[in-house]
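Student: I'd like a close look at one part of this model: its interior. Please start with any enclosed space, then work outward through whatever surrounds it.

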Amino acid sequence: MIHIFEADVHNNQLNVTYSPDTIVYSKGANYKGVPIHFERKGGNVSVPESFKNQRKSFDLEMADLFANSLIVYRNEEIPAGQVHFAVSEKGNPSKTWNRNWLVIGAIEYTLPVFIHGNEENSPVYVGQKEKNSSTWKEVKIASTYGDFQKALKLIDDPSGNRSFPEDVKTNPLPEKEIKHNLKAINKGNIDLSFWNDWMIGKSLPDKYME
């Protein structure tokens with residue numbers, strides 16, 4: 001659905017401007033023979049081809065364990081996913097966000113997961129905000145998108161009856177399984193504590209947004 005901010009006809013072309021948080025899966029080229037030009041308020045980000053090519057049909061789009069749910073946006077959803085991080089709801093660029101960071105998902109809708117949009121085969125990062133600061137820092141949680149997906153599957157596999165924060169007390173993940181998963185995830189110079197804290201049931205937004 002497109003939330004239209006404004007539409008006008010100029011030089012026999014229909015110009016449609018829509019809100020930054022609009023998800024556009026397809027666009028019509030014309031209406032009754034009149035060409036249509038679509039524009040996202042505040043500008044549109046492009047998803048790098050190198051990132052699109054890494055996406056697989058069997059990729060997880062959500063991993064849910066204990067206190068945290070992580071959503072991975074589809075390619076079409078990524079432009080809208082920049083709202084609240086790279087741009088405001090009105091499309092104004094954020095001064096506290098690196099313009100090369102491309103949000104590809106979020107944890108509990110508040111903590112951004114992103115790549116470097118200007119790098120081919122970029123690592124995957126989670127944002128971190130220090131207390132009383134509005135500026136985001138990056139924390140590397142996977143060396144590649146493929147490694148990120150493998151880690152998500154390890155997180156999500158045991159989540160069947162561990163979907164709520166209180167399940168940590170009644171049905172914790174065995175320490176042996178946590179160690180096994182961390183060993184499998186530990187590739188490259190990454191912050192393993194992100195994955196460890198998720199598996200022991202800590203709130204990741206609380207950790208990274210002090």
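**Inside the model**

Tutor: The largest cavity holds about 40 Å³ of space. This is a predicted model, where local features need pLDDT of at least 70, side-chain atom pairs count only at pLDDT 80 or more, and totals for chains, interfaces and linings use all residues. Residues are numbered from 1 along each chain as its sequence is written, and side-chain values use heavy atoms, leaving out hydrogens and water.

On a 1 Å grid over the protein atoms alone, a cavity is a set of points where a 1.4 Å probe fits but cannot get out, a pocket is an open set with protein on both sides within 12 Å along at least five of seven lines, and lining residues have an atom within 4 Å of a point. Volume is the space filled by probe spheres set on the points, which are joined across faces, edges and corners. Two cavities of 30 Å³ or more turn up by this rule.

Around the largest cavity you will find P48, S50, F51, Q54, I115, E119, N121 and S122. Sorted by class, that lining has three nonpolar, four polar and one charged residues (nonpolar: Ala, Val, Leu, Ile, Met, Phe, Trp, Tyr, Cys and Pro; charged: Asp, Glu, Lys and Arg; polar: the others, Gly among them).

Let's follow I115 from that lining. I115 points the same way from strand 8 as L111 and V113, while P112, F114 and H116 point the other way, and all of these are buried. Buried means under 20% relative accessible area with a 1.4 Å probe on protein chains only, exposed means over 50%, and partly exposed lies in between. In a regular strand, side chains alternate between the two faces of the sheet. Strands (E, at least two residues) and helices (H or I, at least four) are DSSP runs numbered from the N terminus.

Strand 8 has a partner on either side of it in sequence. Strand 7 and strand 8 pair in the antiparallel sense over six bridges, where pairing requires at least two DSSP bridges. One of those bridges joins W101 to H116. Three residues separate the two strands in their hairpin, and E108 has a positive phi near 50° there. Strand 8 (residues 111-116) also pairs with strand 9 in the antiparallel sense, over two bridges, and F114 sits opposite Y125.

Strand 9 (residues 124-129) has five of its six residues buried, so the rest of the structure largely encloses it. Strand 9 then pairs with strand 10 (residues 136-142), again antiparallel, over six bridges. G127 has E138 as its bridge partner in strand 10. Six residues lie between these two strands in their hairpin, and N132 in the turn shows a positive phi of about 60°.

Strand 10 leads us to the second cavity, since strand 10 and helix 3 each supply at least two residues of its lining. This second largest cavity has a volume of about 30 Å³. Its walls are I141, A142, S143, D147, F148, A151, I185, K187, I190 and W195. Helix 3 contributes the most, with three residues. Seven of the lining residues are nonpolar, one is polar and two are charged.

F148 and W195 from that lining reappear in the largest nonpolar core: it has 49 residues, and those with the most contacts inside it are F148, L152, F194, W195 and W198. Strand 7 (residues 101-107) provides the largest share of this core, six residues. A nonpolar core is a set of buried Ala, Val, Leu, Ile, Met, Phe, Trp, Tyr and Cys residues joined through side-chain atoms within 4.5 Å. Another core, of six residues, lies apart from the largest one and includes L14, Y18, V24 and I36.

F194 ties several of these pieces together. Leaving out residues up to four places away in sequence, F194 touches I107, V126, I141, L204, K207 and Y208, with contact meaning heavy atoms within 4.5 Å.

To finish, look at the open space. The largest pocket has a volume of about 330 Å³. Its lining counts 22 residues, of which V45, Q82, A86, V87 and R99 are closest to the centre. By class, the pocket is lined by 11 nonpolar, eight polar and three charged residues.
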